[in-house]
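Colleague: Got a minute to go through this one with me? I'd like the short version.

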Amino acid sequence: MTATERRLSMNDWIGQFPALDDLPDALRARLVNESRLAALPEGTRIFGPGQAPSSFLILLSGSVRVQQVSENGREIVLYRISAGESCALTTACILGYEDYRAEAIAETAVEAVATPRATFEDLIAQSPPFRRFVFKTFSDRITDLFRIIDEIAFSRVDIRLAQKLAQLRNANGDVEATHHQLATELGTAREVVSRQLQEFQRRGWVKIGRGLVSVPADSALFDFARSNDHGSVT
């Protein structure tokens, strides 16, 4: 990982994570003293396929997108990492002594705590509070992955696209994303998304622009998304 790094003091970050309050003083001090703060600009490729993880990462700010890229260039977003979370794939690769098979991209400028692999492995072995902290995020991300698999395998693309547009729509009623980016979010081909957006436009639900999809506040797309949603659409 390419980053500007500096030594952390205990008060810099560990107080943001109540789950680590129960760490014994010696292990707490080791976690702080051996970790570094990594500051990464937007667009940084944090890791990629074939690389071995050297550090356990906890995100302090920003957003990281973890995605899988196939041999023919198709992409699918597996999950996102937000402040206070760690990367499930990094955890799995460290514990399984495996190289990465996906990539992580900083969607915004981010700050993360990087704990060396050896320190991470010792803390996992010695500290039940640290294990609980690590595996809570790991469990959450695995649940997200099963949800994505379920959606791709069993949900219609038109329904998923409508729900994604409703989710990503900003205060002005616009979704600032290309057809390729929407396809990546849904794990499908760009051509499929383009066809479906044209159908939505034909119905009067959206207006398609360059790198932009406008969804009026009174669009029937919202009713379509909600009527087929098992959760909630905002």
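**Contacts first**

Modeller: Start with Ala 177. Leaving aside neighbours within four places in sequence, Ala 177 is in contact with Leu 182, Gly 211 and Leu 212. Bear in mind that this is a predicted model.

Colleague: Where does Ala 177 sit?

Modeller: In the loop between β9 (174-175) and α7.

Colleague: Buried or exposed, that Ala 177?

Modeller: Buried. Its relative accessibility is 9%, and the cut-off for buried is under 20%.

Colleague: How far is Ala 177 from Ala 88 in space?

Modeller: They are 26 Å apart, C-alpha to C-alpha. Along the sequence the separation is 89 residues.

Colleague: On to α7. How many of its residues are buried?

Modeller: Six of eight, so helix α7 (residues 179-186) is mostly covered. The buried ones are His 179, Leu 182, Ala 183, Thr 184, Glu 185 and Leu 186. Leu 182 also turned up among the contacts of Ala 177.

Colleague: What comes just after α7?

Modeller: Gly 187, with a positive phi of about 70 degrees.

Colleague: Which residue other than glycine has a positive phi?

Modeller: Tyr 97 is one of that kind. Its phi is near 50 degrees. Tyr 97 is in the loop between α3 (88-96) and β7 (103-106).

Colleague: Is the Tyr 97 side buried or exposed?

Modeller: Tyr 97 is exposed, at a relative accessible area of 62%.

Colleague: Next topic, cysteines. How many disulfides?

Modeller: Zero. Cys 87 is in none, and its nearest cysteine sulfur belongs to Cys 93, 7.9 Å away.

Colleague: Why no bond between Cys 93 and Cys 87?

Modeller: Because the two sulfurs are 7.9 Å apart, which is too far for a bond. The cut-off is within 2.5 Å.

Colleague: And their accessibility? Which class does Cys 87 fall in?

Modeller: Buried, at 2% relative accessibility. Cys 93 is buried too, at 5%.

Colleague: Let's do α4. Which residues are buried there?

Modeller: Helix α4 covers residues 117-126, and the buried ones are Arg 117, Thr 119, Phe 120, Leu 123 and Ile 124. Down the helix axis they fall within an arc of 160 degrees, so they line one face of α4.

Colleague: Why would a spacing of three or four places do that?

Modeller: An α-helix has 3.6 residues a turn, so residues three or four places apart point the same way.

Colleague: Now α6. Where does Gln 163 lie?

Modeller: In helix α6, which covers residues 157-168. Gln 163 counts as buried, at 16% relative accessibility. Its C-alpha is 9.9 Å from that of Asp 223. Those two are 60 residues apart along the chain.

Colleague: What about Val 157?

Modeller: Val 157 lies in α6 as well. This one is partly exposed, with a relative accessible area of 23%. From Val 157 to Ala 171 is 25 Å, C-alpha to C-alpha, across 14 residues of sequence.

Colleague: And the loop between α6 and β9, what is in it?

Modeller: Arg 169, for one. Arg 169 counts as partly exposed, at 25% relative accessibility.

Colleague: What does Arg 169 touch?

Modeller: Not counting residues up to four places away in sequence, Arg 169 touches Asp 174, Val 175, Val 215, Pro 216, Ala 217 and Phe 222. For a longer reach, take Val 77: 18 Å from Arg 169 by C-alpha atoms, and 92 residues apart in sequence.

Colleague: Zoom out. What is the secondary structure count?

Modeller: Nine helices and eleven strands. The C-alpha atoms fill a box of roughly 65 × 35 × 30 Å along the principal axes.

Colleague: How many residues, and what share is buried?

Modeller: There are 234 residues, and 44% count as buried. The accessible surface is about 12,200 Å², with 49% of that belonging to carbon and sulfur atoms.

Colleague: What about contacts across the sequence?

Modeller: Take contacts between residues at least 6 apart in sequence. Of those, 69% join residues at least 24 apart.

Colleague: Last one. How many charged side chains?

Modeller: The chain has 27 positive and 30 negative. The centres of the two sets lie 3 Å apart.

Definitions and conventions: Residues numbered from 1 in each chain as written. Predicted model: local features only at pLDDT ≥ 70, side-chain atom pairs only at ≥ 80, totals over all residues. Heavy atoms only, no water. Buried < 20%, exposed > 50% of the residue type's maximum accessible area, 1.4 Å probe, protein only. Helix = DSSP H or I, 4+ residues; strand = E, 2+ residues; numbered from the N terminus. Arc of directions from axis to C-beta. Contact = heavy atoms within 4.5 Å. Areas by Shrake-Rupley, 256 points an atom, 1.4 Å probe, with all protein chains shown as cover. Lys, Arg positive; Asp, Glu negative; His and termini not counted. Charge placed at Lys NZ, Arg CZ, Asp CG, Glu CD.
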